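Work through the exercises below with the sequence and the model at hand. Each task is followed by its solution.

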Amino acid sequence: MLQNRPVFDEEHALLRESVRRFAATRIQPHFQEWEKAGIIDRALWPAAGEAGLLCPQVPEQYGGIGGDFRHNAVVIEELAYSGFAGPATDFSVHSDVCCGYLLHYGTEEQKKKWLPRMVAGETVCAIAMTEPGTGSDLQGIRTRAVREGDEYVISGQKTFISNGQMCDLVIVVVRTNPDGGSRGMSLVLVETERAGFRHGRNLDKLGHLSSDTSELFFDQIRVPIENLLGSEGGAMAALMSELPQERLTIALHSIAAAQKAFDITKDYVGERKAFGQPIGTFQNTRFRLADLKADLAVGWAYVDQCLRDHVRGELTTYAASTAKLWTTEMHGRLVDQCLQFFGGYGFMREYEICRLFADARVLRIYGGTSEIMRELISRNL
């Protein structure tokens with residue numbers, strides 16, 4: 001990881017060391033087991049809460065440490081750099097995505113009820129946007145919430161939901177007005193213990209194997225109207241407000257994971273020999289690594305700029321989309337080239353570069369595909 005980044009201070013350096021210790025002691029010994037199982041151990045959640053890794057931006061009055069998003073960034077970067085993409089993704093969805101909606105749109109009662117539990121790892125949160133056939137086109141969602149007296153009755157299906165097996169609470173994007181277009185969508189909190197809720201199968205993925213990703217089913221679930229998060233019809237505005245942070249989160253994950261791939265490859269080419277000499281001495285190797293090093297330097301500089309702007313409340317949709325597009329596309333190119341230096345060994349899962357390659361692919365898809373990022377950026381030209 002890079003040193004001397006002005007966006008961070010000594011407090012963040014101490015947190016960084018804490019996250020590294022947590023990854024080494026609480027994740028690494030069990031990681032391969034969780035990869036095979038397709039899900040992390042539930043006990044990791046309260047352990048992460050006790051270590052201060054969950055929702056660090058939550059104010060002290062709700063059980064958090066009262067940090068800003070730089071604290072989140074430290075956790076994101078260190079877990080991504082550790083190579084443990086599954087836990088990194090699960091924690092990030094909970095802390096960096098779901099938590100923001102409750103902080104910014106939750107009522108005082110909702111905050112007092114849920115935020116302390118999320119900080120402690122007692123409640124695992126997921127957000128359910130995507131449906132079969134409606135990925136990036138959120139206006140095409142068909143999950144309905146019909147008002148009946150003091151309750152909403154929710155019916156529908158979601159897919160590709162991170163924390164989908166583990167979650168206790170789901171922020172569900174529903175249609176409350178069938179004729180309202182983008183203004184007919186709302187956010188509703190659904191406790192997974194409610195009658196009519198069902199976890200679907202844990203999906204079999206290319207990468208992020210230990211991150212549980214599931215289908216969710218809502219069959220006439222009744223929730224009180226107090227579970228409405230924000231205003232009725234306000235989902236799209238809330239999503240547009242929160243998505244820049246989600247895309248910055250993905251950019252942070254991507255640049256850190258890319259740095260890890262580069263670092264282990266740089267070490268490997270100094271050891272692997274061909275024609276009697278380390279392959280790192282060949283001009284092709286040196287020049288290609290030089291290009292990757294330059295890409296990383298540019299990426300870190302821009303991500304840090306976006307992080308600083310976000311902490312100041314100045315991060316734009318345009319900048320966040322640019323960060324996600326550039327870092328994830330660069331990450332894909334970088335890890336592909338790094339795997340090539342490993343030759344046939346790079347295709348073997350026992351080598352870390354193979355897992356890093358597989359884990360990188362989804363970053364260009366979730367949180368808005370690269371194509372959607374280009375569309376958003378082009379609107380600002």
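**Exercise 1: the annotated span**

Describe residues 237-381 by end distance and secondary structure.

Solution. The end C-alpha atoms of residues 237-381 are 22 Å apart. Helix makes up 73% of the span and strand 3%, where helices (H or I, at least four residues) and strands (E, at least two) are DSSP runs numbered from the N terminus. An unreviewed UniProt entry annotates these residues as "domain: Acyl-CoA dehydrogenase/oxidase C-terminal"; such annotations may be inferred rather than shown by experiment.

The model is predicted: local features need pLDDT of at least 70, side-chain atom pairs count only at pLDDT 80 or more, and totals for chains, interfaces and linings use all residues. Residues are numbered from 1 along each chain as its sequence is written, and side-chain values use heavy atoms, with hydrogens and water left out.

**Exercise 2: helix α5**

Compare the end distance of α5 with its expected span, then state where α5 bends.

Solution. The expected span is 1.5 Å times one less than the number of residues. The 21 residues of α5 should therefore span 30 Å, and the end C-alpha atoms are 29 Å apart, which agrees. α5 bends by about 35 degrees at C99 (the angle between axes fitted to the seven residues ending there and the seven starting there). Of the 21 residues in α5, 19 are buried, that is, under 20% relative accessible area with a 1.4 Å probe, protein chains only.

**Exercise 3: the lining by element**

Which element gives the largest share of the lining of the largest pocket?

Solution. α7 does, with eight residues.

Key
Buried means under 20% relative accessible area, exposed over 50%, partly exposed in between (1.4 Å probe, protein chains only).
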